[in-house]
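Student: Could you walk me through this one? I'd like to start with how the strands pair and then move on to the domains.

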Amino acid sequence: MKLITFDEGRVGRLDGDDVIELDVPSTRAYFERDGKVGETGERLKLPDVRLRAPITPKKFFHTAGNFADHHEELQAVNWSHPVHKGIVFFQNVDAIIGPDDPIVYPEHLTKELDYELELAVIIGKPGKFFGPDEALEHIAGFTVFNDITARDIQRREMESGVFSFSKAIDTFCPIGPWIVTADEIDDMQNLAMQLRVNGDVRQTGHTKQMRVSIPHLVAYHSPQIFSAGDIITTGTVSGVAAVQPNPFDFYLRPGDVVEAEIEGVGTLRNHVVSWQDAHGEPAPERVDW
């Protein structure tokens with residue numbers, strides 16, 4: 001099943017090109033009710049609805065350093081400090097946007113706007129302190145996540161060994177275009193991944209390249225307590241702009257179109273816009289300490 005949020009927050013499932021509206025206020029509520037929801041009787045065509053971010057989780061667990069190729073390419077350009085393979089931090093849920101929503105370039109904050117394709121795992125069953133063998137019971141589905149990052153801010157943050165601000169700015173958390181339920185994915189560790197900017201391939205990878213498998217990752221962080229509808233990401237693959245010989249030839253700019261695709265899950269498409277175009281006024285002055 002593909003679950004969507006559309007128009008002004010309505011929830012539905014896809015049946016081919018048809019949207020069947022579900023009688024539930026949000027996809028998070030859908031998982032809280034263990035999928036036991038009815039239909040409203042409303043049936044629409046997919047091209048006639050506006051897809052939104054498929055879910056707003058209570059908690060968004062963000063994994064770093066889980067793909068060896070990406071971690072090694074950062075080390076090769078002296079960009080990364082040692083990262084424990086199970087490290088996770090919390091993403092700002094207010095920064096979430098959906099498919100075809102604009103990524104706003106905050107030029108007063110950064111000149112190094114990067115992309116990171118990631119698989120996002122949707123938690124269906126709440127729980128804590130469980131093992132990898134039990135983890136599959138808690139995984140409800142998957143969506144695509146593009147971890148937009150201000151590298152110049154991140155570089156300063158990493159001097160302290162932490163990073164958050166660089167990835168949590170408004171519109172820096174695109175997810176979508178829908179949630180594919182776990183029963184639709186034959187092997188979550190056998191999915192091809194690709195990110196394109198203006199049609200040019202920038203990132204390629206595969207979920208089989210993870211240092212920590214998805215069940216182990218979910219289980220490892222279960223002591224932090226999962227709620228129904230929470231998200232945990234799996235880390236990005238190689239090919240980010242920051243590691244290129246001339247990163248400024250690759251960093252995102254207004255006018256760029258970014259397509260993040262994961263086999264069997266879908267393609268998340270967003271465009272980058274300037275602060276002026278997004279807000280109708282020049283960017284404010286930067287506030288520094």
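Student: In what sense do strand 8 and strand 18 pair?

Tutor: In this predicted model, strand 8 (residues 102-105) and strand 18 (residues 266-274) pair in the parallel sense, with four bridges between them.

Student: And which residue does Y105 stand opposite in strand 18?

Tutor: Y105 stands opposite S274.

Student: How many bridges join strand 17 to strand 18?

Tutor: Six bridges join strand 17 (residues 257-262) to strand 18, and these two strands run antiparallel; one of the residues with a bridge partner in strand 18 is E261, which is matched with T267. The two strands form a hairpin with three residues between them, where G264 takes a positive phi near 80°.

Student: OK, switching to domains. Where are they, and how far apart are their centres?

Tutor: Domain 1 covers 2-48 and domain 2 covers 60-279, and their centres, taken over C-alpha atoms, are separated by 25 Å.

Student: How much area is buried between domain 1 and domain 2?

Tutor: About 760 Å² is buried between domain 1 and domain 2, with carbon and sulfur atoms giving 75% of that area. On the domain 1 side, K2, L3 and F31 supply 70% of what domain 1 buries against domain 2, more than any other three residues.

Student: How many salt bridges or polar contacts turn up across that interface?

Tutor: The rule finds zero salt bridges across the interface of domain 1 and domain 2, while one residue pair is in polar contact there. Strand 1 (2-6) and helix 1 (27-32) each supply at least two residues of the side of domain 1 that touches domain 2, and the residues of that side divide into four nonpolar, no polar and three charged.

Technical notes
Residues are numbered from 1 along each chain as its sequence is written. This is a predicted model: local features need pLDDT of at least 70, side-chain atom pairs count only at pLDDT 80 or more; totals for chains, interfaces and linings use all residues. Side-chain values use heavy atoms; hydrogens and water are left out. Domain bounds come from an automatic or database domain assignment. Buried area is the accessible area (1.4 Å probe) that two parts lose on being put together, summed over both. A salt bridge is a side-chain nitrogen of Lys or Arg within 4 Å of a carboxyl oxygen of Asp or Glu. A polar contact is a pair of N or O atoms within 3.5 Å; within protein, one must be able to donate a hydrogen and the other to accept it, and residues adjacent in sequence count only if both atoms are side-chain atoms. Ala, Val, Leu, Ile, Met, Phe, Trp, Tyr, Cys and Pro count as nonpolar, Asp, Glu, Lys and Arg as charged, and the others, Gly among them, as polar. Two strands pair if DSSP finds at least two bridges between them.
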